[in-house]
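Colleague: I keep running into labels like "buried" and "oblique" and I never know where they come from. Could you walk me through a few of them?

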Amino acid sequence: YTPAYAVKPIIKYLKMIGTNLTIWCPFDTEESEYVKLFREAGYKVIASHIDEDKNFFYYEPEGYDYIISNPPFSIKDDIIKRLWELNKPYAILLPIPSLQGQKRFPYMKDCQALLFDKRINYYTTPERKEIQKGVSFGSFYLCRNFLPKDLIFEELNVK
């Protein structure tokens, strides 16, 4: 589960775009840090989750501007392809090795990347009480029509 400090950099770029936006968080419940922090920042948020019978591959809400979330890494190829098909601006959190891969490459050619100076330590439970220490991979946001530049390196403030 994504910690708040990994969501905050995205809010900075949303504010550059505007405030009258609706964000779809397709892999999130109401308790998600994405949903909570985006709402606190004044954005309208549509949260959906497969546990609520809103499968990302078959469900699409009406009237949203951006897709932002941390999807299941195990099906990242299918997710990247679906994002390309939806043809909406997005920012999704993925492991850095996702930047390379023949299956997903055709759907990533016009993408952008937001990379960080340190690894994200994810929560291990939905209650967000235990953090996974020593994560073996770095994470980044794969974006499309979202960032002001195609490649941005940023410091993560973990406090």
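Modeller: Let's take the labels one at a time, and keep in mind that this is a predicted model.

Colleague: Okay, helices to begin with. Why is helix 1 called oblique to helix 2?

Modeller: The axes of helix 1 (residues 4-17) and helix 2 (residues 33-40) come within 10 Å and cross at roughly 40 degrees. Angles under 35 degrees count as roughly parallel, and 65 to 115 as roughly perpendicular. The crossing fits neither range, so helix 1 is oblique to helix 2. As for handedness, helix 1 passes helix 2 in a right-handed crossing.

Colleague: And which residues make the contact?

Modeller: From helix 1 you have Ala4, Val7, Lys8, Ile10, Ile11 and Leu14, and from helix 2 Glu33, Tyr34, Leu37 and Phe38. Sorted by class, that contact has eight nonpolar residues, two charged ones and no polar ones.

Colleague: Next, cysteines. How do you know that Cys25 is in no disulfide?

Modeller: A disulfide needs two cysteine sulfur atoms within 2.5 Å. For Cys25, the nearest cysteine sulfur belongs to Cys143 and is 13 Å away, so Cys25 is in no disulfide.

Colleague: What about Cys143, then? How do you know that Cys143 is in no disulfide?

Modeller: Use the cut-off again: the nearest cysteine sulfur to Cys143 is that of Cys111, 8.3 Å away, and a disulfide needs 2.5 Å or less, so Cys143 is in no disulfide. By this rule, the count of disulfides comes to zero.

Colleague: What makes Cys25 count as buried?

Modeller: Buried means under 20% relative accessible area. Cys25 has 0% relative accessibility, so Cys25 counts as buried. Cys143 also counts as buried, because its relative accessibility is 0%.

Colleague: Why is Phe137 called partly exposed?

Modeller: Phe137 has 24% relative accessibility, which falls between the 20% limit for buried and the 50% limit for exposed, so Phe137 counts as partly exposed. You'll find Phe137 in the loop between strand 5 (112-116) and strand 6 (139-144). Beyond residues up to four places away in sequence, Phe137 touches Phe73, Pro95, Arg119 and Tyr122. Phe137 and Pro97 are 40 residues apart in sequence, yet 8.1 Å apart in space, C-alpha to C-alpha.

Colleague: Last one: Ser98 is in a loop too, between strand 4 (90-95) and strand 5. Is Ser98 buried or exposed?

Modeller: The relative accessible area of Ser98 is 1%, under the 20% limit, so Ser98 is buried. Leaving aside neighbours within four places in sequence, Ser98 is in contact with Lys76, Arg104, Met108 and Phe140.

Key. Residues numbered from 1 in each chain as written. Predicted model: local features only at pLDDT ≥ 70, side-chain atom pairs only at ≥ 80, totals over all residues. Heavy atoms only, no water. Axes fitted to C-alpha atoms, helices over the stretch in contact; angles between N-to-C directions. Helix = DSSP H or I, 4+ residues; strand = E, 2+ residues; numbered from the N terminus. Parallel < 35°, antiparallel > 145°, perpendicular 65-115°, else oblique. Left-handed = near helix turned anticlockwise from the far one by under 90°. Contact = heavy atoms within 4.5 Å. Nonpolar A, V, L, I, M, F, W, Y, C, P; charged D, E, K, R; others polar. Buried < 20%, exposed > 50% of the residue type's maximum accessible area, 1.4 Å probe, protein only.
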